[in-house]
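Subject: A structure for you to explore

Hello,

Here is the structure I promised to send you. Please open it in your viewer and keep it beside this email while you read.

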Amino acid sequence: MYTAKGTLQPQAGIENYLPMVRRTAHRMIGRLPANVEVDDLIQAGVMGLMEAMERYEQGHGAQFETFALQRVRGAMLDELRGTDWVPRSVRKHQREIAEAVHKLEHKLHRAPSDSEIAAHLGVTLPEYHDMLVDVRGAQLIYTDDYEADENDTHYLDRHVTPDERTDPSAQLSDRRFREALVAAIENLPEREQYVMSMYYEHDMNLKEIAAVLGVTESRVCQLHSQSVARLRSRLKAW
């Protein structure tokens, strides 16, 4: 399975890791709009897997599975970044929802309800819920999904030009920003706090969260998108 140089032979082992590529693609697709095809992510992931097999060398600390998973995820992210995966209508809805939440919070001095946001947007409640489902993929990635292996650079460091004002890592490490984010999450409506905690802290999927809350997966998706809109509004200055 290994060459004389200690690298993996791609043809010998690629099939063993295809289930990992598929699992990664299906996990990521749940955070993306419906126009993104899971097969495209899988194809990009296979290319990342092949690259990992060519580059991996024994004795460098990280196990191959860990090394390969980072490359697979990175290849999928590159595929998304290289295509216009978010339709203009989704971007438009995302902006409209965030602006509506921002204006209503200033007017009401509290978190607006679904029906209040829908009324402000001039749409019915079901139409507003459909908008929330559409924008679910406008926020894409966990930054910890791309942590570097030992002796390797962080994935984002290799693809984003460092800038103190725009570097995500720099902002996330800023104490004031983290405090503002924690405060914004604590001020979310209780059910939305539960959704954010289960989704991000406990890595639960929509189906699992729906079972805990006793609602549909679609409703969980709506609550998640609405939570993100509230957070975007409250952290707009950042």
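Let's begin with a single residue, Arg23, which sits in helix α1 (residues 10-29). Is Arg23 buried or exposed? Arg23 counts as exposed, because its relative accessibility is 57%, and the cut-off for exposed is over 50%. You can also try a distance here: the C-alpha atoms of Arg23 and Ile42 lie 9.1 Å apart, while 19 residues separate the two along the chain.

One thing to keep in mind is that this is a predicted model.

**The whole chain**

Now zoom out. The chain has 12 helices and zero strands, so if you read the elements from the N terminus on, you meet α every time: α-α-α-α-α-α-α-α-α-α-α-α. Of the 238 residues in the chain, 40% are buried. Take the contacts between residues at least 6 apart in sequence: 66% of these join residues at least 24 apart.

**A helix to check with a ruler**

Helix α3 (residues 64-81) is a nice one for practice. What span should its 18 residues have at 1.5 Å a residue? The expected value is 26 Å, and the end C-alpha atoms of α3 are 25 Å apart, which agrees. The buried residues of α3 include Phe64, Phe67, Val72, Met76, Leu77 and Leu80. Charged side chains are on that list too: Arg71 and Arg73 are among the buried residues of α3.

**Helix α4 and its partners**

Two packed helices are described by the angle between their axes and the distance between the axes. Helix α4 (residues 88-108) gives you two examples to look at.

With helix α12 (residues 217-234), α4 packs at an angle of about 65 degrees, and the axes are 8 Å apart. The crossing of these two helices is right-handed. On the α4 side, the residues in contact are Gln94, Ile97, Ala98, Val101, His102 and Glu105, and on the α12 side they are Ala229, Arg230, Arg232, Ser233 and Arg234. Sorted by kind, the residues of this contact are four nonpolar, three polar and four charged.

With helix α6 (residues 125-134), α4 packs at an angle of about 115 degrees, and the axes are 9 Å apart. Here the crossing is left-handed. Val90, His93, Glu96 and Ile97 of α4 meet Tyr128, Met131, Leu132 and Asp134 of α6. The residues of this contact divide into five nonpolar, one polar and two charged. Look for Ile97 in both places: Ile97 takes part in the contact with α12 and in the contact with α6.

**After the end of α4**

His109 lies in the loop between α4 and α5. Its phi is positive, about 60 degrees, although His109 is not a glycine. With a relative accessible area of 70%, His109 is exposed.

**Salt bridges**

How many salt bridges does the structure hold? There are six, and here are three of them to find.

- Arg55 pairs with Glu51, and the closest N and O atoms are 3.4 Å apart. Both belong to helix α2 (residues 38-55), and because they are four residues apart, about one helical turn separates them. An α-helix has 3.6 residues a turn, so residues three or four places apart point the same way. Arg55 is partly exposed at 44% relative accessibility, and Glu51 is partly exposed at 36%.
- Arg110 pairs with Glu116 at 2.6 Å, N to O. Arg110 counts as partly exposed, with 41% relative accessibility, and Glu116 is partly exposed as well, with a relative accessible area of 24%.
- Asp114 pairs with Arg219 at 3.0 Å, N to O. This pair links distant parts of the chain, since Asp114 is in helix α5 (residues 114-121) and Arg219 is in helix α12, 105 residues apart. Asp114 counts as buried at 13% relative accessibility, whereas Arg219 counts as partly exposed at 22%. The cut-off matters for these two, because buried means under 20%.

When you have a moment, try to find each of these places on your own screen. Happy exploring!

Best wishes

How values were computed: Residues are numbered from 1 along each chain as its sequence is written. This is a predicted model: local features need pLDDT of at least 70, side-chain atom pairs count only at pLDDT 80 or more; totals for chains, interfaces and linings use all residues. Side-chain values use heavy atoms; hydrogens and water are left out. Axes are lines fitted to C-alpha atoms, for helices over the stretch in contact, and angles run from 0 to 180 degrees between N-to-C directions. A crossing is left-handed if the near helix is turned anticlockwise from the far one by less than a right angle, and right-handed if clockwise. Contact means heavy atoms within 4.5 Å. Ala, Val, Leu, Ile, Met, Phe, Trp, Tyr, Cys and Pro count as nonpolar, Asp, Glu, Lys and Arg as charged, and the others, Gly among them, as polar. The expected span of a helix is 1.5 Å times one less than its number of residues. Buried means under 20% relative accessible area, exposed over 50%, partly exposed in between (1.4 Å probe, protein chains only). A salt bridge is a side-chain nitrogen of Lys or Arg within 4 Å of a carboxyl oxygen of Asp or Glu.
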